[in-house]
Amino acid sequence: MRKMLLPVLLILTMVLSACGKEAPAPQENAAAAGNETKTETKTGTVTYQSENGPIEIPADPKRIIGLTNAPNILSLDGKLVGVDQWTKKNPLFKDKLEDVETVSEEDLEKIIELKPDLIIAGSTMKNLDKMSKIAPTIVYTWGKLDYLTQQLEIGKVLNKEAEAKAWIDDFTKRAKETGEQIKAKIGEKATVSVFEYDAKSFYVFGNNWARGTEVLYQAMGLNMPDAVKKEALGPGYYMMSVEVIPQFAGDYIILSKPTGEENAFLKTDSWKNIPAVSQNHMIEIDTEASSYSDPTTLENLLKIFKEGFLGKA
């Protein structure tokens, strides 16, 4: 751990001691119902109704730290000064984040140095109370809002709700049309599985765990095998033993491949004899570029799936 500079410690002490009351307690069911709203207050600020209660935020935030949902912010050209390490190394955002710092909820020193006017964090992160005294802090619980509602809420935060809504309407329409074309080609009852692996394990995903699952199952309306419905639809994902992997394989397989990881099962006859594998009914995606459900990621995956199922135009 690197040493903390004395001047920064003094600044941290002053900030944490001088600030006022902590954020109000969460309002029950507000986020679940999608009722987050934004109302005008004094000049230059608005009140946003979030999971952790009403928060006065800048009407036009210019120095945002996105510890969560940074890709959603980027899609609406939000002005980020700090992001989490996973977003920073995502290949889809490399160019846009070249001058943006990597930061975590544990590094309060660096958060202060970045002088944010807004922080967006996960509800289970550490130091939320301390961050809220540095800058207005909005929290989201991962998965509490569906992927479209989440984007709409970020639009409200950035004063770009109309722009977010326009993308939602357009994407939903295009994805549905693509799904209909795919089903016309592969059959209405054809099934699709989304697999991912690491060195020791194999996973299958439900309909809301990124890796394109929202596109395939929700937006396109494609089918998942019954075994996947039973084990992964509720929790979001299911870790499979290699013996049962064929039981979870659909007529088509989306294989999420993490960079630098190999799994010995992929070289076995058991894997190669799965019909979707032997018939080359597989579409490979990059795990690092597929682990979010923001517009940039979803548009990229929609293109990959359209070409994978239907061929290049």
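**Close-up views of a predicted model**

**View 1. Helix H6 and its ends.** Helix H6 is mostly covered, since 10 of the 11 residues that make it up are buried. The model shown here and in the following views is a predicted one. The buried residues of H6 are Tyr147, Leu148, Gln150, Gln151, Leu152, Glu153, Ile154, Gly155, Lys156 and Val157, a list in which Gln150, Glu153 and Lys156 stand beside Leu152 and Ile154. At the start of H6, Asp146 offers a side-chain oxygen that comes to within 2.9 Å of the backbone nitrogen of Leu148, and Leu148 is itself among the buried residues of the helix. Just after H6, the chain reaches Asn159, which takes a positive phi of about 60°.

**View 2. The loop from H6 to H7 and the packing of the two helices.** Asn159 is found in the loop between helix H6 (147-157) and H7, where its phi near 60° is a positive value in a residue other than glycine. With a relative accessible area of 55%, Asn159 is exposed, because the cut-off for that word is over 50%. The two helices joined by this loop have axes that come within 7 Å and cross at roughly 160°. Angles over 145 degrees count as roughly antiparallel, and H6 and H7 are therefore described as roughly antiparallel to each other. The crossing of H6 and H7 is right-handed.

**View 3. Helix H13, its length and its buried side.** Helix H13 takes in residues 295-310, and at 1.5 Å a residue its 16 residues should span 22 Å, which agrees with the 22 Å that separate its end C-alpha atoms. The buried residues of H13 are Pro295, Thr297, Leu298, Leu301, Leu302, Phe305 and Phe309. These residues cover an arc of only 145° around the axis, and so they lie on the same side of H13. One of them, Leu298, is buried with a relative accessible area of 1%, and the C-alpha atoms of Leu298 and Ala210 are separated by 8.9 Å although the two residues are 88 residues apart along the chain.

**View 4. The two ends of H13.** At the N-terminal end of H13, Asp294 acts as a cap, with a side-chain oxygen that lies 3.0 Å from the backbone nitrogen of Thr296. Beyond the other end, just after H13, Gly311 takes a positive phi of about 90°.

**View 5. Helices H7 and H13 side by side.** Two packed helices are described by the angle between their axes and the distance between the axes. The axes of helix H7 (residues 161-186) and H13 come within 10 Å and cross at roughly 20°. Angles under 35 degrees count as roughly parallel, and H7 and H13 are therefore roughly parallel to each other. H7 passes H13 in a left-handed crossing.

**View 6. Lys115 in its loop.** The place of Lys115 is in the loop between helix H4 (108-113) and strand S7 (118-122). Lys115 has a phi near 50°, a positive value in a residue other than glycine, and at 62% relative accessibility Lys115 counts as exposed.

**View 7. Thr137 and its polar contacts.** Thr137 is found in strand S8, which takes in residues 137-140, and at 4% relative accessibility Thr137 counts as buried. The side chain of Thr137 reaches the backbone nitrogen of Ser132 at 3.4 Å, while a polar atom of the Thr137 side chain lies 2.9 Å from the backbone oxygen of Ala135.

**View 8. Ala190 and Lys257, with their partners in space.** Ala190 lies in the loop between H7 and strand S9 (192-197), and at 9% relative accessibility Ala190 counts as buried. Ala190 and Gly250 are 60 residues apart in sequence, yet their C-alpha atoms are 7.7 Å apart in space. Lys257 is found in strand S12, which takes in residues 252-257, and at 31% relative accessibility Lys257 counts as partly exposed. The C-alpha atoms of Lys257 and Ile285 are 6.1 Å apart in space, while the two residues are 28 residues apart in sequence.

Technical notes: Residues numbered from 1 in each chain as written. Predicted model: local features only at pLDDT ≥ 70, side-chain atom pairs only at ≥ 80, totals over all residues. Heavy atoms only, no water. Helix = DSSP H or I, 4+ residues; strand = E, 2+ residues; numbered from the N terminus. Expected span 1.5 Å × (residues − 1). Buried < 20%, exposed > 50% of the residue type's maximum accessible area, 1.4 Å probe, protein only. Arc of directions from axis to C-beta. Polar contact = N/O pair within 3.5 Å; in protein donor to acceptor, adjacent residues only side chain to side chain. Axes fitted to C-alpha atoms, helices over the stretch in contact; angles between N-to-C directions. Parallel < 35°, antiparallel > 145°, perpendicular 65-115°, else oblique. Left-handed = near helix turned anticlockwise from the far one by under 90°.
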